Amino acid sequence: MSNKPSKSHHKKITRLNAIGTALSKAADTATLLEQVLLGAKELTHADAATFYRVTPRFTLCFEIMVTSSLGIYANRSSGKSIDLPEIPLHVNGHPNFSNVAAYASLSGQTVKIADVSTAKDFNFSGTQLFDEKIGYRSISFLTVPLKNRDNDVIGVIQLINAIDQKSGAVVAFSLEDQHLVESLASQATLVLVNQLMLEHEQQRIAGVAADFLKKINALNTIAVIFAAEKDSSRLTDLILHHAMELTHADAGVVYSMTNLQTLCCEAVRINSLDVKTNETSGMTISLPELPLYQEGAANLTKAAVYAALKGEVVNMADLALVESFDCSDMREFDSKSGYHSISMLLLPLKNHDNELLGVLQLINATDSTSREIRSFSPEDEHLATSLTIQAATTLSNLKRFAKLNKIGVALSTEKNIDRLMELILLEAKELTHADAGTLYSATDRQTLRFEIIRTDSLGIKMGGTTGVPINFPELPLYNKDGQPNMQMVAAYAALSGKTVNIPDAYLADGFDFSGMRAFDAKTGYRSTSFLTVPLKDHENKLLGILQLINASDRITNVVRPFSQENQSIAESLASQAAIAMSNQKLIANLRQLFEAFIQSIASAVDEKSPYTGGHCYRVPVLAELLGQAAHESSYGVLKDFSLTDEEMYELKIAAWLHDCGKVTTPTEVVDKATKLEKIYDRVHVVDTRFEVLKRDAEIRLLQQKLAALEQGHTGHIPELEQQHQETVRQLVEDRDFIRTCNIGGEFMSDALKERVNRIAGYRWVAPDGEETDLLTENEVYNLHISRGTINKEERDIINNHVSATIKMLAALPFPQYLSRVSEIAGSHHEAVNGSGYPKKLTRDQMSVQARIMAIADVFEALTARDRPYKPGKTLSQSLKILGFMKKDQHIDPDLFQVFIDKKIYLQYAEQYLSPEQIDEVNPKEIPGYVSPE
């Protein structure tokens, strides 16, 4: 047999050399590993191949997996997932020799298995599960370790299922296959080690540049972080944190510029002392504020102030050697805290509009390796300067946006239109640092009316809540000839709908500033920069004009033009303001409509009964008077009671609607002025019956006289006439008695009721010829009413109006601030002892407003002088009854006390009672009243 290598072997050797040459040219480690595995697979005709990398965790990690017959190719470096667990090299502290790849790694020996089904030394259960999962059958294995010069295994090549090139069947890997792969592994290991060393050296060489580039990239990342932060306090802390991180500073302070021209400490960090104080940390910041000016001169002895005023970076290598600045405050801090401040870097925080926001102070730059304190390098200064530019712009925008949001909330919650307009102007002045401003409102007369005027430097405050009237004439939007008034800048902004930004009014063309020049000449003022912004609602309707004058530098107060930033801020504020003004006008219009609707309900009740309509009008007056007095009470139970404007309005609405249920009450019951009244007063029918009895008596007399004459007994005639007169007299008296009873002005005693019963027994002949009682059973029942004119059934009908009121109001979708209208209005007939109706509520179950309603309702009813069934009582009579009701626990005692103490009764009487009702009142004589003296 010849030992000459076959052509096939020679071909494989040639291919092995070619692969080795290709490995030396691999661009990176990932490409190298891929070429190694694919080369081994090609040389051995293996169907599948896997490369394992030995990890620092002493595991084998899948890097590349290829299975030709299944079309599988997965490479971890390419991002294609290899969903297989790592193989541990040790299990429970023992070498994992049961796994063939782990065995090859631990032993450094090649493992060749002809058929896994007959292999007894290794556990292939994991392989079998994998095969079942993907529909494969792993038979022959060749597992080769990759060892470096130190004989350490750095990876493992595992080949599966050698394929016979003629039959295509799976065969065992040959010894030749093993030698070829081991040779390839040896070459690959040398190249791989060199490749790793080269990559490491390249990383080391690029380290310094990469670190700086990393910091530059960090600045970009920081800018994104800053932009995402919405809280100014957290942003301030982020600024300090990242500035210290970029420059390796151990400590730092952020000062903010205040309206008082001082630098106020906002955040402090000292890493070595574990100090972190800011507004959100809860730790106290005790550093004193630094004034920018002292006695009118710039305070340039303080380094932070110098940086602020000069707008320059201050870099001090060693504070102990500094003579140009006063560092006593830092030395004092060091003495108290045990710190040692050496190097310092101070940078002004100025936005893109060159507006000073504060100062960033960094202390004690440290070496990243030795941790020794060093000076701040030019690179530190450059990085920190770049950061402060980003930080100041972001912080400025955030503070302005936060201020705008805060203003927006304030505008949306302000209910008073005068305070609202004043707030708009004052906030606009503050945001733009304007010295003066005017707010105009648009009128229906095509004019602009002065609403608010402010000029800080001249101390001018007019309009709004000041109480100082503005007597300036309105600005016409159109001239007398009907042409647009484009000469006045405010009128121009109103007509064009455009913002007008004028840097210097004395140099501006196209506008008439003669009035302004006259004002300046008179006052010594100089109106220079103007910003005029129209206020328009969502329908583009003009609501007014916001005009700001003389923007000034926050530090020097030098007048400057309004910047584009200021214009944008003012326009944003104007947009919010217009919405707020529009909403308030809409709310006012809706409230007017709502109140008109409520009053129309009272008018509807008034149509049924004029005196009830008057009652609905007067009870709200009493309720508001008593509600205000209770709100202002400073003693007793009510000293802690208060009513907001909305709660007072709720009480007013409830008072207006408290009797709305009477629209369901029959008119004949509401207006029942007499006991016998229904659709008409039935007393007139009774009168007719009495007239019939009188007629019958007269007929009887005439018949008796005729009979006497016929019988010649004329002597009886005078006696008959006398009896007749007595009968008629009695009938007249009885008729008048019934009339009196019908009025209901007197208490019906049992004797009076008995008299009614006797009269009812009179017999009369009805039109149908049938004789019957003079009074019907129903008429007797009504005439027996003890007090007033209403019987029990009618009283129940009237009382039901309260339940109807509650039902009607409960069905209405009142807004939240009017949610208790139904409860307040429906309690006006409740008594604090639980004897009222309809719910028999006790004092603790009733709100103070509900108890106010009960007193207002009673007192109005007592004093009302338009009731057809009774005259209005005097003040003393009414208060006496009210006092008894207090003693009987029908009305609230505390509110009764306030009602008397604050003379609510007199305030009401002067408006609604007749002079004869306003008699002398001695509070000491009012039952149940206790003088506070």
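**Exercise 1.** Which residues does F859 touch, not counting residues up to four places away in sequence? Place this residue within the nonpolar core of the predicted model.

*Solution.*
Step 1. With those sequence neighbours set aside, F859 touches L622, L875, S878, L879, L882, F899, Y905 and Y908.
Step 2. The largest nonpolar core comprises 56 residues, and F859 is listed with L657, L879 and F899 as having the most contacts inside it.
Step 3. Two or more residues of this core come from each of α14 (564–608), α15 (610–632), α16 (645–657), α23 (821–825), α24 (848–863), α25 (875–887), α26 (893–901) and α27 (904–912).
Step 4. Helix α15 supplies the largest share of this core, nine residues.

**Exercise 2.** Determine why strand β18 is described as largely enclosed by the rest of the structure, and identify the strands with which β18 pairs.

*Solution.*
Step 1. Strand β18 spans residues 344–350. A residue is buried when its relative accessible area is under 20%.
Step 2. Six of the seven residues of β18 are buried, and the strand is therefore largely enclosed by the rest of the structure.
Step 3. One partner is β17 (residues 314–316), which pairs with β18 in the antiparallel sense over three bridges. Within this pairing, M316 has M344 of β18 as its bridge partner.
Step 4. Another partner is β19 (residues 356–366), which runs antiparallel to β18 and is joined to it by seven bridges. Here L347 stands opposite L360 of β19.

**Exercise 3.** Which residue takes a positive phi in the hairpin of β18 and β19?

*Solution.*
Step 1. Five residues lie between the two strands of this hairpin.
Step 2. In this hairpin, N354 adopts a positive phi near 60°.

Notes. Residues are numbered from 1 along each chain as its sequence is written. This is a predicted model: local features need pLDDT of at least 70, side-chain atom pairs count only at pLDDT 80 or more; totals for chains, interfaces and linings use all residues. Side-chain values use heavy atoms; hydrogens and water are left out. A nonpolar core is a set of buried Ala, Val, Leu, Ile, Met, Phe, Trp, Tyr and Cys residues joined through side-chain atoms within 4.5 Å. Buried means under 20% relative accessible area, exposed over 50%, partly exposed in between (1.4 Å probe, protein chains only). Helices (H or I, at least four residues) and strands (E, at least two) are DSSP runs, numbered from the N terminus. Contact means heavy atoms within 4.5 Å. Two strands pair if DSSP finds at least two bridges between them.
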